[in-house]
Amino acid sequence: MRSMTGFGQANWQGDGRRLGVEVRSVNQRFLDVKVSLPRECAAWEAELRAMVGGVAERGKVDVTVYRSGGGGDDFTVEANEPLARAILTSWQGLQKRLKLAGQIDVGLLMGRGGDLVRVVERRAEAGDDLPQVKKLLAVALKDFNRARDREGKSLQADMVGRLKHMRALHAALQKRTDALVPELARRLTERVGTLLGKSAVSEERLVQEAALLAERCDVTEELVRLTSHLDRLGELLRQAGSVGKAIDFLIQEIHREINTIASKSADLEVTNLTLEAKGEIEKLREQVQNVE
């Protein structure tokens, strides 16, 4: 069993360059991979996404690639010389027409600094780094899977314990419902005797009424199906691969059987057992939301 929540990372540095990859995920019903790349590396997305799809089947997976360096400065400053010449010519004409003394200072030009000067990033050829990034992603995905495996084991242990408790509750329900039919007959006889007197209703009629009441309260089919569902849940909890969806569906079926048993029974002990079972089912449902 593997969790949908995990984290992995890998880094590399050399030749004046630094590369890093991070993989993190949270639970989600289907697989959703988002790859965040530097602008110059956008063409890598399809290959990296395919690598993630090879190890994850469900969950929201975010992959982030960091890239810096590349030899020399990472930026250069470029001046817009044609614009500077036009501004200078305009100032010189104004100075001549107005007969202004002094020299034209460069500060007059820099008042338009946002237009005159721009900073340009200088990056090494991005394609050269793709093989190294793919290696880093492979390492990060192994780290990512180890984290998901660790959490998956914890989820599995918790769910196996809850399954064991559900089996005990099932056995208690079976035992109680087996003893319930004669008890219902006794209760019916006592109640009729109290209200109408012992001779008011024939023994045969009491037996018929008790039989009808027992039939309405019979949960044999539900308990048989519940046995089958719990056995299948045990198989899934031991099974490798993506089992989260199957377990989630099975828990819904288990919940349906417990609800039916609760609705059919008018016995306090059965009601208490079904309430306890519903609590375990809810905890199982919470845990399975993180199972791949």
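Here are legends for three close-up views of this predicted model. Residues count from 1 along each chain as its sequence is written, and side-chain values use heavy atoms, with hydrogens and water left out. Local features need pLDDT of at least 70 and side-chain atom pairs count only at pLDDT 80 or more, while totals for chains, interfaces and linings use all residues.

**View 1. An open sheet of four strands, with a helix packed on it.** Reading across, the order is S1-S2-S4-S3, with mixed pairing (strands are DSSP E runs of at least two residues, helices H or I runs of at least four, numbered from the N terminus; strands pair if DSSP finds at least two bridges between them). S1 (6–14) and S3 (31–36) sit at the edges with a single partner strand each, so one side of each has no neighbour in the sheet. From one strand to the next, the twist averages 10°. Helix H1 (residues 45–53) packs on the sheet and touches S3 and S4 (contact means heavy atoms within 4.5 Å). The direction of H1 makes about 140° with that of S3 (axes are lines fitted to C-alpha atoms, for helices over the stretch in contact, and angles run from 0 to 180 degrees between N-to-C directions).

**View 2. Strands S2 and S4, joined by ten bridges.** S2 (residues 17–26) and S4 (residues 59–69) run antiparallel. Look for Val26, which stands opposite Lys60 in S4.

**View 3. Glu257 in helix H8 (residues 244–264).** Glu257 counts as buried because its relative accessibility is 5% (buried is under 20% relative accessible area, exposed over 50%, partly exposed in between, with a 1.4 Å probe and protein chains only). Setting aside neighbours within four places in sequence, Glu257 is in contact with Glu222, Arg225, Leu226 and His229.
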